[in-house]
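User: Please take a close look at one loop residue in this model and at the helices on the way to it. I would like a connected account that then turns to other backbone features of the chain.

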Amino acid sequence: GAVAGGPERKTKHIQGMLAACRRGHLEMHTHCMDFAQMYRSGGFSSGYVFTGSKNYKLDKNNAMNPPLVQSEETLAQRKVKWQTSARRYLENGVRALLLDDERRFSGEWDYSEATLAAFRDYLAQQYKTIDALNRSWDTSFESFNEVVPKPLAELEASGSESRAQWLEHRMFCGDVLARNHLKLPYDWAKEIEPRLSVGELGFYSA
């Protein structure tokens, strides 16, 4: 279709742009959703195969629903649904799969029971003993099962000089997000077609 302030993305026009890009050793990408047209033009378009991470809801305690850390059964179901969509795009000439747009990793989350349980297991593996954790965090937990990291604003209000618990929880959530919503779709795509590209459409810095 037509783009405001720009030329129409017709087949001959796209073929001309592709030729110019290839002479300059460049690649051309477009958000044109007319996959058949892009395929006839000798290029490839991009399809949105969302991971679902933007569909979470936070309650008043900043617990996510569904939780950020998901069960193996849930991940297996997501894989089937995701690959079904990816194969449909591939059949129409799509070679670039776009994940969630405008992803934002800000605020204080996820404090759901599933994610906290996984975080506690992670801490137990990292620190081995609760005393080692308390020395690092300047806390006084009796066991790993008691650990609930304080949000940054609460730490600052308490006068604590340590920000370790807030930072470590945030880094853990970031690792889960990267693994479950970036790395897994990449692996799922490679099972379908090794030449498929997978990446974020856009995300905020914080």
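**A loop residue and its setting**

Analyst: In this predicted model, aspartate 138 has a relative accessible area of 59% and is therefore exposed, the cut-off for that class being over 50%. Aspartate 138 belongs to the loop between α5 and α6, the latter spanning residues 152-158. Its phi is positive, at about 60°, although aspartate 138 is not a glycine.

Helix α5, at one end of this loop, comprises residues 130-137 and packs against helix α4, residues 113-127. The two axes lie 8 Å apart and form an angle of about 95°, so α4 is roughly perpendicular to α5. On the α4 side the contact is made by Phe119, Leu123 and Tyr127, and on the α5 side by Ala132, Leu133, Ser136 and Trp137. Of the residues in this contact, 6 are nonpolar, 1 is polar and none is charged; Ser136 is the polar one, since serine falls outside the nonpolar and charged classes. As a general point, an α-helix has 3.6 residues a turn, so residues three or four places apart point the same way.

A second residue with positive phi is asparagine 62, a residue other than glycine whose phi is near 60°. Asparagine 62 sits in the loop between β2 (57-58) and β3. With 25% relative accessibility, asparagine 62 counts as partly exposed, because its value falls between the cut-offs of 20% and 50%. Strand β3 covers residues 64-65, and proline 66 lies in the loop between β3 and α3 (72-91). The peptide bond leading from asparagine 65 to proline 66 is cis, with omega near 0°.

Helix α7 offers a further backbone feature. It runs over residues 164-192, and its 29 residues reach 41 Å from the first C-alpha to the last, close to the 42 Å expected at 1.5 Å a residue. At lysine 183 α7 bends by about 30°, and proline 185 follows within four residues. Asparagine 180 is also part of α7. Its relative accessibility is 5%, so asparagine 180 counts as buried, the limit being under 20%. Apart from neighbours within four places in sequence, asparagine 180 is in contact with Leu68, Gln70, Leu75, Arg78 and Pro185. Pro185 is thus named twice: as the proline that follows the bend at lysine 183, and as one of the contacts of asparagine 180.

Terms used:
Residues numbered from 1 in each chain as written. Predicted model: local features only at pLDDT ≥ 70, side-chain atom pairs only at ≥ 80, totals over all residues. Heavy atoms only, no water. Axes fitted to C-alpha atoms, helices over the stretch in contact; angles between N-to-C directions. Helix = DSSP H or I, 4+ residues; strand = E, 2+ residues; numbered from the N terminus. Parallel < 35°, antiparallel > 145°, perpendicular 65-115°, else oblique. Contact = heavy atoms within 4.5 Å. Expected span 1.5 Å × (residues − 1). Bend = angle between axes of the 7 residues up to and from the residue. Buried < 20%, exposed > 50% of the residue type's maximum accessible area, 1.4 Å probe, protein only.
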